[in-house]
Amino acid sequence: MIALEPSNKKRPEFINVRVRRQDAPGKAPYWELHKIKYEPEMNVISVLQRIAAQSTNRDGKKVTPVAWDCGCLEEVCGSCTMVINGRVRQSCSALVDRLLADNPDEIVLEPMSKFPVVRDLVVDRARLFQGLERVKAWVPVDSYFNMGAGERILREDQERNYPLSQCMSCGCCLEACPQYNKIELTQKSGESNEEFEARKEQAYAEAFVGPHAISQAMLFNNHPTGKVLAGERLEALEGPGGLASCGNAQNCVAVCPKEIPLTTSIARAGRATTLHAIKSWFEK
């Protein structure tokens with residue numbers, strides 16, 4: 001039986017919210033306190049909407065609305081990731097009643113620490129998507145003409161692939177990963193935009209690619225069409241910032257909102273890259 005919550009349970013009149021804000025990239029962060037009226041069945045996004053509507057802090061001082069990112073509001077787009085009460089998660093599925101049960105004093109909101117802050121709770125996730133590009137996390141298509149029925153996929157492969165396909169590139173696994181460190185570069189005096197972007201891409205290419213990219217490489221290597229690039233994906237994982245950079249902390253799988261078996265993918269990638277390296281050595 002499901003235990004129902006007592007109807008006479010005392011509800012707070014107001015909610016205290018502490019937000020870590022930053023006005024622009026490279027600016028010093030600061031804390032700002034807010035106080036909003038409690039409403040039942042709120043999530044963190046609705047809390048931020050109330051803060052934006054009142055545009056004053058807890059002391060009544062007029063402030064600019066807190067910036068945050070969101071899209072679908074149903075844990076599909078992955079864009080509303082932030083650190084809530086010290087834990088990285090999706091803000092759309094973070095329910096206020098549960099947060100207050102853990103910490104009745106206040107709700108603490110912070111941006112992810114592994115990506116450069118654009119403003120307040122909005123971060124630049126370009127490196128996350130660059131990691132997917134490094135492992136060619138897509139199915140190559142030569143044309144849009146009808147080429148007939150594709151290769152049949154075994155049920156065992158379907159069951160293995162489906163959990164991996166739910167990745168929404170939210171960045172939770174990267175925030176929790178101790179090997180995935182923040183890279184934030186600033187444009188040098190006299191450096192052109194093209195030179196700056198090239199330097200940034202080079203820095204990204206040498207750093208740890210991340211568990212999300214490793215898992216997606218395994219997904220597309222097990223796809224009947226995507227597997228034509230399997231060798232290139234494994235070579236990317238063998239290179240700098242690839243699989244060898246993983247410390248197997250297993251934090252990634254603990255925080256994934258979709259419960260994707262990331263550590264299983266990492267183990268499979270280790271076996272696949274070893275076999276690929278041995279095969280390549282004998283083919284020389």
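Leaving aside neighbours within four places in sequence, which residues is R233 in contact with? The tour returns to this residue after a view of the whole chain.

**The whole chain**

The model on display is predicted. Begin with the full C-alpha trace, which spans about 70 × 65 × 40 Å along its principal axes. A cartoon representation of the protein will display 10 helices and 7 strands. Of the 284 residues, 40% are buried. If a surface is switched on, its accessible area comes to about 16400 Å², and carbon and sulfur atoms account for 51% of that. Among contacts between residues at least 6 apart in sequence, 65% join residues at least 24 apart.

**First stop: R233**

Select R233, which lies in helix 8. Is R233 buried or exposed? R233 has a relative accessible area of 0% and is therefore buried, the cut-off for that class being under 20%. To answer the opening question, display V135, K136, W138, A217, F220, N221, G226 and K227: these are the residues in contact with R233 once its neighbours within four places in sequence are set aside. For a sense of distance, add R155, which is 78 residues from R233 in sequence and 24 Å from it in space, C-alpha to C-alpha.

**Second stop: E232 and K136**

Keep K136 on screen and select E232. The two side chains meet in a salt bridge, with a distance of 3.4 Å from N to O. This pair links distant parts of the chain, 96 residues apart: E232 belongs to helix 8 (residues 230-238), while K136 sits in the loop between helix 3 (126-134) and helix 4 (155-165). How accessible is E232? Its relative accessibility is 38%, so E232 counts as partly exposed. K136, at 26%, likewise counts as partly exposed.

**Third stop: further salt bridges**

Side chains of opposite charge can pair when their charged atoms come close. The structure has a count of 13 salt bridges, and several more may be visited in turn.

- Select K182 and E184, whose side chains meet in a salt bridge of 3.1 Å, N to O. K182 is partly exposed at 39% relative accessibility, and E184 is partly exposed at 36%.
- Select R199 and E191, which form a salt bridge with their closest N and O atoms 2.9 Å apart. Here R199 is partly exposed, with a relative accessible area of 25%, whereas E191 is buried at 14%.
- Select R21, E32, R119 and D120 together; salt bridges link these residues in a network.

**Fourth stop: helix 10**

Next, select residues 262-283, which make up helix 10. Does the distance between its ends agree or disagree with the expected span? The helix has 22 residues, which at 1.5 Å a residue should span 32 Å; the end C-alpha atoms are 31 Å apart, so the two agree.

Colour L262, S265, I266, A269, T273 and H276, the residues named as buried in this helix. They cover an arc of only 90° around the axis, and therefore lie on the same side of helix 10. What covers the buried residues of helix 10? The cover includes helix 4, helix 5 (172-176), helix 7 (211-221), helix 8 and helix 9 (251-255). Helix 8 is also the element that holds R233.

Now turn to the other side of helix 10 and give a second colour to A267, R271, K279 and F282, which are exposed.

**Fifth stop: a nonpolar patch**

Remain with F282, which is found in helix 10. Its relative accessibility is 61%, over the 50% cut-off, so F282 counts as exposed. Add I278 and W281 to the selection and show the surface. Together with F282 they make a nonpolar surface patch of about 400 Å².

**Last stop: K27**

Finally, move to K27, in the loop between strand 1 (14-21) and strand 2 (30-37). Is K27 buried or exposed? At 51% relative accessibility, K27 counts as exposed. Select L275 as well and draw a C-alpha to C-alpha distance: K27 and L275 are 47 Å apart in space and 248 residues apart in sequence.

Conventions
Residues are numbered from 1 along each chain as its sequence is written. This is a predicted model: local features need pLDDT of at least 70, side-chain atom pairs count only at pLDDT 80 or more; totals for chains, interfaces and linings use all residues. Side-chain values use heavy atoms; hydrogens and water are left out. A salt bridge is a side-chain nitrogen of Lys or Arg within 4 Å of a carboxyl oxygen of Asp or Glu. Helices (H or I, at least four residues) and strands (E, at least two) are DSSP runs, numbered from the N terminus. Buried means under 20% relative accessible area, exposed over 50%, partly exposed in between (1.4 Å probe, protein chains only). Patches are made of residues with over 30% relative accessible area and no salt bridge: like charges are joined within 9 Å, nonpolar side chains (Val, Leu, Ile, Met, Phe, Trp, Tyr) within 5 Å. Accessible areas come from the Shrake-Rupley method with a 1.4 Å probe; for residues, only the protein chains shown count as cover. The expected span of a helix is 1.5 Å times one less than its number of residues. The arc is that of the directions from the helix axis to the C-beta atoms. Contact means heavy atoms within 4.5 Å.
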